[in-house]
Amino acid sequence: MVRELKREDLPYIHQTPAQLFGPSDSFESIESAIFGRKDSLYLIYESTQKKGYMGMHVDLDSADIATLFVHPNHRRQGIGEALIKDAMNRLKIRGIKQVLLEVSIRNHAALHLYEKMGFIAIHTRPNYYPNGDDAQVLTKELR
Ligand SMILES: CC(C)(COP(=O)(O)OP(=O)(O)OC[C@H]1O[C@@H](n2cnc3c(N)ncnc32)[C@H](O)[C@@H]1OP(=O)(O)O)[C@@H](O)C(=O)NCCC(=O)NCCS
């Protein structure tokens, strides 16, 4: 099931090697990035165990997907899709009209996932990542 992230989930986020946060960040910096910002919306997928999470920043009528991570042992089981579907429903209820995100043009798994979920590419940001990779900016209108 997908639910909102709670403080008790922070050790899981801390030990999970995702892109935005991971074991090299201090527990306090993760806590403040998630719970110290009023615009944060973080969701976690948990069934028998915690399997992945997603983080967004929500503005007045738009939202950015900041992070999405499914543990490698649980990939290709529909968890990424379930997180995005749940997030889109929650954002719609809040009156959000547009969702945006950046993803590396080399990240084929994520690009396929977002495409399946109805996101479309609007432009490319050259050299966006520290390794020089370009980012694809994707968007989805919520109605
Ligand atoms: C991208 C990621 C979140 C996908 O999560 P997931 O739970 O494995 O995805 P799902 O099982 O819900 O897959 C849904 C769809 O995404 C696409 N997809 C997912 N993984 C894919 C892969 N390795 N190759 C191609 N398409 C893939 C497929 O279209 C799939 O639908 P299908 O199973 O009907 O073919 C996961 O691979 C991950 O955490 N990667 C590392 C972090 C990352 O890149 N995050 C995104 C940054 S913006």
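Select Q49 to begin: with 10 C-beta neighbours inside 10 Å, this residue counts as exposed. The model in the viewer is a predicted one. Q49 sits in the loop that joins β2 to β3. For a sense of scale, add A33 to the selection; A33 and Q49 are 16 residues apart in sequence, and their C-alpha atoms are 24 Å apart in space.

**The loop between α1 and α2**

Next, select Q19, which belongs to the loop between α1 and α2. Q19 counts as exposed, having 12 C-beta neighbours inside 10 Å; the limit for that class is 12 or fewer. Display T67 as well: although 48 residues separate Q19 and T67 along the chain, their C-alpha atoms are separated by 7.1 Å.

L20 is found in this loop too, between α1 (10–15) and α2 (27–35). Is L20 buried, exposed or partly exposed? L20 is partly exposed, since 15 other C-beta atoms lie within 10 Å. Leaving out residues up to four places away in sequence, L20 touches G55, A66 and T67. A distance label between the C-alpha atoms of L20 and Y53, which are 33 residues apart along the chain, should read 11 Å.

**The nonpolar core**

Y53 leads inward. The largest nonpolar core has 28 residues, and those touching the most other members are L43, Y53, M54, M56, I65, L83 and A87. At least two residues of this core come from each of β2, β3, β4, α3 and β5. In soluble globular proteins, nonpolar side chains tend to be buried together.

Centre the view on M54. With neighbours within four places in sequence set aside, M54 is in contact with L43, I65, T67, L68, L83 and A87.

**Helix α3**

L83 and A87 are among the buried residues of α3, together with I79, G80, I84 and L91. Looking down the axis of α3, one finds these buried residues within an arc of 130 degrees, so they line one face of the helix. An α-helix has 3.6 residues a turn, so residues three or four places apart point the same way. Rotate to the face turned away from the buried side of α3, and the exposed residues N89 and I93 appear there.

Now show what covers the buried residues of α3: the cover includes β1 (2–4), β2 (40–46), β3 (50–58), β4, β5 and α4.

How far apart are the end C-alpha atoms of α3? They are 21 Å apart, which agrees with the 21 Å expected for its 15 residues at 1.5 Å a residue. Beyond the helix, select G95, which follows α3 and has a positive phi near 85 degrees.

**The ligand and its shell**

Turn to the ligand and display the residues around it. There are 19 of them, and the closest are R75, G80, E81, H112 and L113. Colouring by element is informative: β4 (62–70), α3 (79–93), β5 (98–104) and α4 (108–116) each supply at least two residues of this shell. Which of the elements gives the most to the shell? The answer is α4, with six residues. Colouring by class instead gives nine nonpolar, six polar and four charged residues around the ligand.

**Two positive phi angles outside glycine**

Select R76, in the loop between β4 and α3. R76 has a positive phi near 60 degrees, although R76 is a residue other than glycine. R76 is exposed, with 8 other C-beta atoms within 10 Å.

N127 is the next stop, in the loop between β6 (120–125) and β7 (135–141). The phi of N127 is positive, about 50 degrees, and N127 is not a glycine. N127 counts as exposed, with 10 C-beta neighbours inside 10 Å.

**Strand β6**

End at A121, which lies in strand β6. A121 is partly exposed, with 14 other C-beta atoms within 10 Å. Apart from its neighbours within four places in sequence, A121 is in contact with Q136 and L138. A last distance label can join A121 to L101: these residues are 20 apart in sequence and 9.7 Å apart in space, C-alpha to C-alpha.

Technical notes
Residues numbered from 1 in each chain as written. Predicted model: local features only at pLDDT ≥ 70, side-chain atom pairs only at ≥ 80, totals over all residues. Near = placed C-beta within 6 Å. Helix = DSSP H or I, 4+ residues; strand = E, 2+ residues; numbered from the N terminus. Nonpolar A, V, L, I, M, F, W, Y, C, P; charged D, E, K, R; others polar. Expected span 1.5 Å × (residues − 1). Buried ≥ 20, exposed ≤ 12 C-beta atoms within 10 Å, placed from the backbone. Arc of directions from axis to C-beta. Contact = placed C-beta atoms within 7 Å. Core = buried A, V, L, I, M, F, W, Y, C linked by C-beta atoms within 7 Å.
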